[in-house]
Amino acid sequence: MSIKLGNNDSLGSRLVVAFIASMLGVTVGAQTVERPKLVVGIVVEGLQEEYIDLLRRHFSDGGFNRLITNGVVIANADYGTAVDPAAATAMIFTGAAPARNGIPAAEVFDRNTLRPADVLNDPAVLGNFTDITVSPRALAVTTIADEARIAGSGVTYAYAIAPDPTQAVIMAGHAGNSAIWLNDRNANWASSSFYAETPTEIGLRNRMHPLRSRMDTMQWTPLLPADRYLLLPDHLTHYPFRYVYRPGTDTEKIAMLKNSPAVNAEVTSMAISHLDNLKLGTHEGGSDILSLAYTVEPFAYSKNTDNRYELQDAYYRLDANLAQLFNSIDTKVGLNNTLIFLAATPPPSTSRRDDERWNLPFGEFSTRKAMSLLNMYLMAMYGNGDWVTGYHRGDFYLNHKLIKDRNKNLTEVRREVASFLQRMSGVSSAFTIDDILGGEVGTNGDAEKRNTDVATAGDVRIAVTPGWKITDDFNNRPERPNQVVRAASATAPVFIMAPDVDPRRIDTPVDIRVVAPTVTRLMRIRSPNAASLPPLKLTR
């Protein structure tokens, strides 16, 4: 059958075409639903929106300003309580709190060894270019990367790059192709044998361009002229900072580097190599994922107690790193084919102690002394014995076996311990695990409950008074110099940029657990299996 249409019969043409299309079962004007070819997930440790607002006019167009102009800005993503970067990363990528995802912190207390241990420690695997043995087996739920790999039936790829092994493994999830990080002992790029793939780029970099051999010639000085650094005392801008990575042992030098902008440059370089060599964003059948971790945590090794100069420079340098990364993505994949989400972790709960000349309140909380006093008190109450077995991150662990053998009520002993610790110098509050699980810890009880992993939590949790220094001499833990407790916000900004997302700003607090279901909705795949909150609707 042929149909002849007149040149001027435009209305008739459209009606006939529509009729024929309907007869053939085709919807005229329907748009093809496409997934992004590439998803880039970025976690930035300690990023604060007020610094982005302060410095934005000096940022390039291609970094933070690109995210702000073209994406959604969630100004206050709420983590509920203060959490470390490992727990925060798990909440971002799983859409679940520690009580469900199994990751309360990078380190947890091992009741068998009575020592802190890596939360992801797994003796059943081997390390590649490292003696650290980690795997995601302790991560109890699925992640964004897991769901993307499942949706792609294994033909898409998921890689994670971070300075820290715990963050790298969490971002890669259970089904990722590989997770790589910088070894704390020799600055090699390293990975875990849990993952089937070890990119050849790791071995090549470690042999041909090792970070360790470059560290002695690296230095950190201001990136921009002094007048680009805002609201600083004159004496700071008159004497620009300069840091080198030469003093001390290799471990000390690497720790210093990983707390500086230099580590962000290394992560960016490795990320661009992954884009080049692994052809991410070019595989059919789903979305490839590249997950990265950066840091702008305050520099703990600054020469002055006032480290605002260094902190602003870290933001300027991170903005340049992001611009470099985004430009590379645009060239290789196209930003119009890419979903990017950047989530900050809450600011650290410690800060550099201010100069003594300001006469600010100060004290030192010794974990060994607290343990000793507590044990003596319990012996006076219940008889001789080692009633307290450990301390970790504010939690005191009691000897459950001894309590049972002496026919004591565990709940009552916990209450006695909390009451005693509450009266100790430097302790601002103390709660039993029973109070926490019952949501009875003040106005933030629900958040404290969901951010507590029962399997690894202690019996009594304390908060140390702001301005006090915690000396963990019971565990002989190394500490950064002159760090004191500081009350920290549990919120941080999140940015989401995708081709079909309308730019906007959301100032009302948003639960951080919505990020994962929101990202997977934009990817058009199912949410991680413990993500119970509904996604934000961001598409046009």
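Here are three short exercises on salt bridges in this predicted model, each with a worked solution.

**Exercise 1.** Which parts of the chain does the salt bridge between Asp-395 and Arg-461 link, and are the two residues buried or exposed?

*Solution.*
- Start with the contact: the side chains of Asp-395 and Arg-461 form a salt bridge with an N to O distance of 2.8 Å.
- Next, find the elements. Asp-395 sits in strand E16 (residues 395-398), and Arg-461 sits in strand E18 (residues 460-464).
- The two residues are 66 residues apart, so the pair links distant parts of the chain.
- Finally, look at accessibility: Asp-395 and Arg-461 are both buried.

**Exercise 2.** Work out what the salt bridge between Arg-414 and Asp-434 ties together, and classify each partner by its accessible area.

*Solution.*
- The closest N and O atoms of Arg-414 and Asp-434 are 3.0 Å apart.
- Arg-414 belongs to helix H16 (residues 410-422) and Asp-434 to helix H17 (residues 433-437), so this salt bridge ties together parts 20 residues apart in sequence.
- Arg-414 has a relative accessible area of 11%, so it counts as buried, the cut-off being under 20%.
- Asp-434, at 30%, is partly exposed.
- Now widen the view: salt bridges with shared partners join Arg-414 and Asp-434 with Arg-111 and Asp-459 into one network.

**Exercise 3.** What is the N to O distance between Arg-513 and Asp-511, and is Arg-513 buried or exposed?

*Solution.*
- The side chains of Arg-513 and Asp-511 meet in a salt bridge at 2.8 Å, N to O.
- Arg-513 has a relative accessible area of 16%, and is therefore buried.
- To put the exercises in context, the structure holds 25 salt bridges.

Technical notes:
Residues are numbered from 1 along each chain as its sequence is written. This is a predicted model: local features need pLDDT of at least 70, side-chain atom pairs count only at pLDDT 80 or more; totals for chains, interfaces and linings use all residues. Side-chain values use heavy atoms; hydrogens and water are left out. A salt bridge is a side-chain nitrogen of Lys or Arg within 4 Å of a carboxyl oxygen of Asp or Glu. Helices (H or I, at least four residues) and strands (E, at least two) are DSSP runs, numbered from the N terminus. Buried means under 20% relative accessible area, exposed over 50%, partly exposed in between (1.4 Å probe, protein chains only).
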